[in-house]
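Good morning, colleagues. Please bring up the sequence and the model on your screens, and I shall take you through the chain from its overall layout to a few individual residues.

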Amino acid sequence: MHDEGGNGDGRGVGTDLPAGGMDHAYLALERELTVLLRRARAKSGEMARAVHPDLESAAYGLLARLDETGRLRATELAAYIGVGKATMSRQLRALEHLGLIAREPDPADGRAWLVHLTEEGRDRFRAVRDARRGAYVRQLAGWDRDEVAQLARLLHQLNRGVES
């Protein structure tokens, strides 16, 4: 992969590390993930506001999951995102109030509800998602497609490990 822009300060990944040991690889990983996550949080807020000016940045991930899966129970969403039921209920009420999601009774369990994107929610979310993907394509234009696929695979592997 390319080293340019590794940590946002013009230095490539690992070029300033002292010699000798695997611990330095983990320090470099921590530094790069910290930068990535800081930037991702800021970008998530921008994308959420692009979907709707009153949308909280944390709710963007809920819209992404619902677009990917269709109808889900609130408990499934909470487990996937890693928040409690009370937090999920609050976020879903806000999304419903904005007209981005709707709830319907779960035919398999009359006590449960399924949540799904409304047509407006889907249209707004997909417009922002498509713009974001276009930005990724431009940002990674100099990368080989195999490098992009490898990065996606490694991030998926990392995310799977975080779920455990």
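I shall start with helix α2 and its neighbour α3. α2 passes α3 in a right-handed crossing. The two helices pack at an angle of about 120°, and their axes lie 11 Å apart. Which residues meet there? On the α2 side they are G61, L62, R65 and L66, and on the α3 side L77, Y80 and I81. By class, this contact of α2 with α3 comprises five nonpolar residues, one polar residue and one charged residue.

Please bear in mind throughout that this is a predicted model.

Let me now step back to the whole chain. The protein chain has six helices and three strands. Read from the N terminus, the order of elements is α-α-β-α-α-β-β-α-α. Of the 164 residues in the chain, 27% are buried. The accessible surface amounts to about 11000 Å², and carbon and sulfur atoms account for 53% of that surface. As for long-range organisation, consider the contacts between residues at least 6 apart in sequence: 47% of these join residues at least 24 apart.

I turn next to the interior. In soluble globular proteins, nonpolar side chains tend to be buried together. In this model, the largest nonpolar core has 22 residues, and those with the most contacts inside it are L55, L63, L95 and I101. Which elements supply at least two residues each? They are α1 (23-51), α2 (60-69), α3 (74-81), α4 (85-97), β3 (109-117) and α5 (119-139). The largest share, four residues, comes from α2.

I101 deserves a closer look. Leaving aside neighbours within four places in sequence, I101 is in contact with L63, L66, L92, L95, E96, V115, H116, L117 and T118.

Returning to α2, its buried residues are Y60, L62, L63, R65, L66 and D67. Just after this helix, G70 adopts a positive phi of about 90°.

Three further residues illustrate three levels of exposure. The first topic is Q91, which lies in helix α4. Is Q91 buried or exposed? Q91 counts as buried because its relative accessibility is 7%, and buried means under 20%. Not counting residues up to four places away in sequence, Q91 touches E56, A58 and L62.

The next topic is A74, in helix α3. A74 has a relative accessibility of 25%, and therefore counts as partly exposed. Apart from neighbours within four places in sequence, the contacts of A74 are M88, L92, W113 and V115. How far apart in space are A74 and R103, C-alpha to C-alpha? The distance is 9.6 Å, for two residues that are 29 residues apart in sequence.

The last topic is V137, in helix α5. V137 counts as exposed, because its relative accessibility is 59%. The C-alpha atoms of V137 and V148 are separated by 9.7 Å, and these residues are 11 apart along the chain.

To review the main points: α2 supplies the largest share of the largest nonpolar core, with four residues, and α2 also packs against α3 at an angle of about 120°. L62 appears in several of these descriptions: L62 is among the buried residues of α2, is one of the α2 residues that meet α3, and is touched by Q91 of the α4 helix. L92, for its part, is in contact with I101 and also with A74.

Thank you for your attention.

How values were computed: Residues are numbered from 1 along each chain as its sequence is written. This is a predicted model: local features need pLDDT of at least 70, side-chain atom pairs count only at pLDDT 80 or more; totals for chains, interfaces and linings use all residues. Side-chain values use heavy atoms; hydrogens and water are left out. A nonpolar core is a set of buried Ala, Val, Leu, Ile, Met, Phe, Trp, Tyr and Cys residues joined through side-chain atoms within 4.5 Å. Buried means under 20% relative accessible area, exposed over 50%, partly exposed in between (1.4 Å probe, protein chains only). Contact means heavy atoms within 4.5 Å. Axes are lines fitted to C-alpha atoms, for helices over the stretch in contact, and angles run from 0 to 180 degrees between N-to-C directions. A crossing is left-handed if the near helix is turned anticlockwise from the far one by less than a right angle, and right-handed if clockwise. Ala, Val, Leu, Ile, Met, Phe, Trp, Tyr, Cys and Pro count as nonpolar, Asp, Glu, Lys and Arg as charged, and the others, Gly among them, as polar. Accessible areas come from the Shrake-Rupley method with a 1.4 Å probe; for residues, only the protein chains shown count as cover.
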